[in-house]
Amino acid sequence: MNDEDTLSSFASRNLNELATIRQGYHFRKRIMHDPTGNTYVIQASDISQSYEVSSEHLVAVQGSKIKPTYYLSPGSLLVKSRGTDYSASLFDLPGITAVAAYHFIVVTIT
């Protein structure tokens, strides 16, 4: 297989064949920090100027009502879906349970 064949095989693939794409979790009420929470929420303010997810000020919530499909896995791509900056950040915080807020589109390679 030469480079042209490889390129054409990628060109014919849809993103949803390579990854799952979904909206972040929609909280019905204002997100309030719960010191006993077991799930962290990634919000736009948690993205640094260098587009990295900062764990410094993450808000914790009780995650018992959040479906596991909303949990982030290391390597998930968080794309801002509001505002004028549609930047992307890589979620790479292993060992914590986290969800992205609704204003993100989450892309996870399958």
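**View 1. Two aromatic pairs turn up when the whole structure is searched.** Everything shown here comes from a predicted model. In one of the pairs, Y25 meets F27 edge-to-face, with 4.7 Å centre to centre and 80° between the planes. Those two values are what you need to picture the arrangement, since a pair of aromatic rings is described by the distance of the centres and the angle of the planes. Y25 has a relative accessible area of 18%, so it is classed as buried. F27 is buried as well, because its relative accessibility is 18% and the cut-off for buried is under 20%.

**View 2. Y25 also pairs with Y70.** This pair is edge-to-face too, at 5.1 Å centre to centre and with 80° between the planes. Y25 sits in the loop between β1 and β2, whereas Y70 sits in the loop between β3 and β4, so the pair ties together parts that are 45 residues apart in sequence. Y70 is partly exposed, its relative accessible area being 26%. Taken together, Y25, F27 and Y70 make up one aromatic cluster.

**View 3. Four strands form an open sheet in the order β1-β7-β4-β5.** The pairing is antiparallel. At the edges you will find β1 (19–23) and β5 (88–91), each of which pairs on one side only. From one strand to the next, the twist averages 25°. If you would like to follow one pairing in detail, try β4 (residues 76–80) and β5: they run antiparallel and are joined by four bridges. Here V79 has A88 of β5 as its bridge partner.

**View 4. L78 is a buried residue of strand β4.** Its relative accessible area is 0%. Which residues does L78 contact, leaving aside its neighbours within four places in sequence? Among them are I42, V53 and L72, along with S87, A88, S89 and F91. A100, F104, I105 and V106 are also in contact with L78. A further landmark is G24: it is 54 residues away from L78 in sequence, yet the C-alpha to C-alpha separation in space is 8.8 Å.

**View 5. Strand β2 pairs with β3 and with β6.** On the β3 side, β2 (residues 39–42) runs antiparallel to β3 (residues 59–61), and three bridges join them. Look for Y40, whose bridge partner in β3 is A60. With β6 (residues 98–100), β2 pairs in the parallel sense, again over three bridges. V41 is the residue to find here, as it stands opposite V99 in β6.

Note on methods: Residues are numbered from 1 along each chain as its sequence is written. This is a predicted model: local features need pLDDT of at least 70, side-chain atom pairs count only at pLDDT 80 or more; totals for chains, interfaces and linings use all residues. Side-chain values use heavy atoms; hydrogens and water are left out. Two strands pair if DSSP finds at least two bridges between them. Helices (H or I, at least four residues) and strands (E, at least two) are DSSP runs, numbered from the N terminus. Axes are lines fitted to C-alpha atoms, for helices over the stretch in contact, and angles run from 0 to 180 degrees between N-to-C directions. Buried means under 20% relative accessible area, exposed over 50%, partly exposed in between (1.4 Å probe, protein chains only). Contact means heavy atoms within 4.5 Å. Rings of Phe, Tyr and Trp (its six-membered ring) pair if their centres lie within 6.5 Å; planes under 30 degrees apart count as stacked, over 60 as edge-to-face and the rest as tilted.
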